[in-house]
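Hi everyone, thanks for coming. I'd like to walk you through one model today, starting with the ligand and then moving along the chain.

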Amino acid sequence: MTKQTMNFQAEVAQLLHLVTHSLYSNKEIFLRELISNASDACDKLRFEAINNSGLYENDSELKVKVTFDKDAKTLTITDNGIGLSQQEAIDNLGTIAKSGTKDFVSKLTGDQKADSNLIGQFGVGFYSGFIVADKITVESRRAGLPADQAVRWVSDGGASGGGAFEVESITREARGTSVILHLRDDAQDYAQAWKVKGIINKYSDHISLPIQMEKEEWKDGELINPSDENGGRQPGAMVKTGEWETVNKANAIWSRAKKDITQEQYDDFYKQISHDFEAPLAHTHNRVEGSTEYTQLLYIPGKAPVDLYNRDHKAGLKLYVKRVFIMDDAEALLPSYLRFVKGVVDSADLPLNVSRELLQESRDVKAIRDGNTKRVLSMLETLAKNDKLPEAGADGVTDVVSAEEKAEQEANVGKYSKFYAEFGAVLKEGLGEDFANKDRLSKLLRFASSTTDSVSVSLADYKARMKEGQEAIYYITADTLAAAKNSPQLEVFKKKGIEVLLMTDRVDEWALNYLHDFDGTPLQSVAKGAVDLGKLQDEAEKKAAEEAAEAFKPLLAKLKEALKDKADDVRVTTRLVDSPACLVVQDHGMSTQLARMLKQAGQ
Ligand code: ADP
Ligand code: MG
């Protein structure tokens, strides 16, 4: 094929114009896009070679090399992947095949500002090279084709007007593709090793292919005048050594099989992404298949960050698409009440150029979010189950377990309590936020109670200990544990030996609005309305109360009159044992605790 000049498809020309005019603040994404293409090309080769191993041409170590030449002002990304035939170069680098991109381009208004906003959120693939290059040369040979059927593709991205590219045949021994960027004057930074390495670490660390750069070494300058104080040397320089080094970690830990990953490696990865020094409490690692395919690697930290309750607290999940980093803090991947979870989601379905806005609307993202939520809840359920060592059964015999199982059980003791002390209050937000999982969440709640000091009583524990005839789960909210414990409202419950849950988290009051009952048993505040102890009250007590109410009628009327601006009603009560009087709120009234909170907030 002799040299030919061809025009870009109209949409490409339009896109190129925008790329070169509007992506100034986002320059570095070009490298992510080009490395991702190189990685795709290697994936494609691997796939085709399954049925045709000859395609490897005795070179099956797939990799990406990034080189630069300061003098020539070029940056080159080379892969030994599938390569492009001449026709493929024309088709794939001159048109936009993806319907998504076409749609995108058709949405552009021509208003530069609005468009640049849009395009900033949208990856532009190969064409993003033109952000930093005023000319791109692609040289490629498709795997399996003879060396003299390679192709060279050159374009200035439409800078010369018209929007055209040239293609010609060349001879190229090496299989695969080199993308040579002729750097613009204002993009010379990208011909420096530290800069390029920094970008690779940021965006492409977890590409599972090695990304290699030529090693550089500091070389002292020439000796000019040995008697000189500074050694008499000219300034030195970095010189290439001819050796290659892999600059990415090249191990997307989540893309490896579970059995090949040690606990220590899981922990190290957690520390790397969370900046936590301590190991996490638990992790879950799964490849989810089905209509939405993704890999999740999620961790539960052992310690809450200081800003957990700040409005601008960052979500802890990183989103990758096929091992290419897309974004940090992907809040759409988990509900807000699980914002303490750290980890990675790698989707096979989302487009590389997905933006936060698009994430919110994506159906795949919704499926991922639901899947993540379920996994986190089951991790918590497992921790909760293993929080204490299994108790001996009624016959005094514990289940027989292997030494290994026993060690594992022991290692997990206390983890859920630790988790709950750090994150329990956040978890409760889920009662109001995630109705679908309310049942599971309510089983994960833990409280202090009038009979247990530690925050360790689950609603199920409570139910199991309920007195015969007790029809409600009783609780009291207060600012502190001491205040709750010494509340006069507890007196009758203490006397009758009825356990009362003590709730002291600020969020409790709000969260309980969403939890009316547990497993069919209503939750009832001991500080609201008349306490109806139902069957727990014996006939004699009931009668005495009725008589007292009758006898004290005149006094009650007087008290009511005296307190008319302060209290709605004054009643005789059976709830007190030692104290003469206490304040309660109406059944459906705002609790004193909530009222105080609102007052503090200035409402
Ligand atoms: P996408 O990667 O989403 O398909 P791009 O604009 O990044 O879109 O790339 C366009 C096409 O160019 C790719 O689909 C592929 O066919 C081809 N291509 C780009 N880079 C390479 C490469 N390094 N090796 C082989 N083909 C490539
Ligand atoms: Mg691409």
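Let's begin at ligand 1, where helix α2, residues 29-49, supplies the largest share of the surrounding shell, with 5 residues. Please keep in mind that this is a predicted model.

Who else is there? The shell counts 15 residues, and those that come nearest to ligand 1 are Asn37, Ala41, Asn92, Gly125 and Phe126. If you like to think in chemical classes, the shell around ligand 1 splits into 6 nonpolar, 6 polar and 3 charged residues.

Now on to helix α7, which covers residues 263-274. How far apart should the ends of its 12 residues be? At 1.5 Å a residue, the expected span is 16 Å, and the end C-alpha atoms of α7 are indeed 16 Å apart, so the two agree. Right after α7 comes histidine 275, and its phi is positive, near 60°.

Last stop, the sheet. Here 5 strands line up as β10-β11-β14-β12-β13, in an open sheet with mixed pairing. The edges belong to β10 (282-288) and β13 (324-327); each has a single partner strand, so one side of each is left without a neighbour in the sheet. On average, neighbouring strands of this sheet are turned by 20° against each other, ignoring direction.

Let's zoom in on one pair in that sheet. Strand β12, residues 317-321, runs parallel to strand β14, residues 342-347, and 5 bridges join them. If you want a spot to look at on screen, find tyrosine 320, which stands opposite aspartate 346 in β14.

That's my tour, and I'm happy to scroll back to any part of it.

Methods
Residues are numbered from 1 along each chain as its sequence is written. Chains are lettered from A and ligands numbered from 1 in the order in which they are written. This is a predicted model: local features need pLDDT of at least 70, side-chain atom pairs count only at pLDDT 80 or more; totals for chains, interfaces and linings use all residues. Two strands pair if DSSP finds at least two bridges between them. Helices (H or I, at least four residues) and strands (E, at least two) are DSSP runs, numbered from the N terminus. Axes are lines fitted to C-alpha atoms, for helices over the stretch in contact, and angles run from 0 to 180 degrees between N-to-C directions. The expected span of a helix is 1.5 Å times one less than its number of residues. A residue is near a molecule or strand if its C-beta atom, placed from the backbone, lies within 6 Å of it. Ala, Val, Leu, Ile, Met, Phe, Trp, Tyr, Cys and Pro count as nonpolar, Asp, Glu, Lys and Arg as charged, and the others, Gly among them, as polar.
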